[in-house]
Amino acid sequence: MARDPSHLPRACRHPAIQAKAAEAALEISRTAIEEQLKICGHKRDADVFELFLSQKELTEVIDLSRFKKLKYLWLHHNKLHGITFLTRNYCLAELYLNNNAIFDIEGLHYLPSLHILLLHHNELINLDATVKELKGMLNLKTLTLYQNPLCQYNLYRLYIIYHLPGVELLDRNQVTEKERRSMILLFNHKKAHIVQSIAFRGKVDASWDPRSPFKQKPAQRVPSDFAFANNVDKTMFDDPEDAVFVRSMKRSAMSITSLNWDTVPTREEKYLEEKDTGPAQMLTITLR
């Protein structure tokens, strides 16, 4: 009984057999796309805004550049190994590729409008290559990578947060301000030095950078007649810790408080009552 060549290991296939199997796989995807177009009643490629191609046993997909206005694409639960079929889909906003066998995401940087990207349950191994491909996606807010081999790397989550500061939801968990501060200490030693210098009076440039990944919560403006000094930032924060942190990045101050030993009588003075035994005084020195 003849065996289906598509089930043979790739290394064991003859080039002609490989080409034939790839052609058959592309034909399967073409058929699946045409069926979806009929179901949705689309007659023109320009009318296609979404394609639902999940659970189709797809191993290859035909080039989708003909769908210029495609915004939503579901390809989860298939058998895809790569995503080279997305090259000119500049309007694509949501891409669902989870539960496949993808080991390389080369080509994703062609999708500048991507807002949601699900890649969990795949075979991604190279963390640096994955991050490099995703770096140019300035609009990417939601990303899933869990259940990939690259997730086993130490500090994987903070590494992703550092290189993709625009991501707000990673692996179904909100990116926190604490994580953003932690990743600076680990991966941005220059900025970490600025933060740490606040406590040690280091004379470094600690001015606040508005492009910093630390996010201010929505600001509220106080009335114009509110008694604020002219040299004080009038931005109000919901969380006091955020206000303290932003202020500390603009200027630093350190206060040292100690006991004034001149106001403390010695043992002999107490015994001879030569000195008034009033309350001891404290000295506070402020350094900027």
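These are my notes on the aromatic ring pairs in this structure.

**Entry 1, the model.** I am working with a predicted model, so I read each value below as computed from it.

**Entry 2, counting pairs.** I looked up how many aromatic pairs there are and found 3. I started with F52 and W74, whose ring centres are 5.9 Å apart with 45° between the planes, a tilted pair. I then checked where the two residues sit: F52 is in strand β1 (residues 50-52) and W74 is in strand β2 (residues 72-74), so this pair ties together parts 22 residues apart in sequence.

**Entry 3, on to Y96.** I followed W74 to its pair with Y96. The planes of W74 and Y96 are at 0° and their centres 5.6 Å apart, so I noted this pair as stacked. Y96 belongs to strand β3 (residues 94-96) and W74 to strand β2, so here too the linked parts are 22 residues apart in sequence.

**Entry 4, exposure.** Which of these residues are buried, and which partly exposed? I found F52 partly exposed, at 39% relative accessible area. W74 is also partly exposed, at 21%; the cut-off for buried is under 20%, so W74 does not count as buried. Y96 has a relative accessible area of 14%, and I logged it as buried.

**Entry 5, the cluster.** Last, I asked which residues the ring pairs link together. The cluster is made up of F52, Y72, W74 and Y96. Happily, Y72 joins the residues I had already visited.

Key. Residues are numbered from 1 along each chain as its sequence is written. This is a predicted model: local features need pLDDT of at least 70, side-chain atom pairs count only at pLDDT 80 or more; totals for chains, interfaces and linings use all residues. Side-chain values use heavy atoms; hydrogens and water are left out. Rings of Phe, Tyr and Trp (its six-membered ring) pair if their centres lie within 6.5 Å; planes under 30 degrees apart count as stacked, over 60 as edge-to-face and the rest as tilted. Helices (H or I, at least four residues) and strands (E, at least two) are DSSP runs, numbered from the N terminus. Buried means under 20% relative accessible area, exposed over 50%, partly exposed in between (1.4 Å probe, protein chains only).
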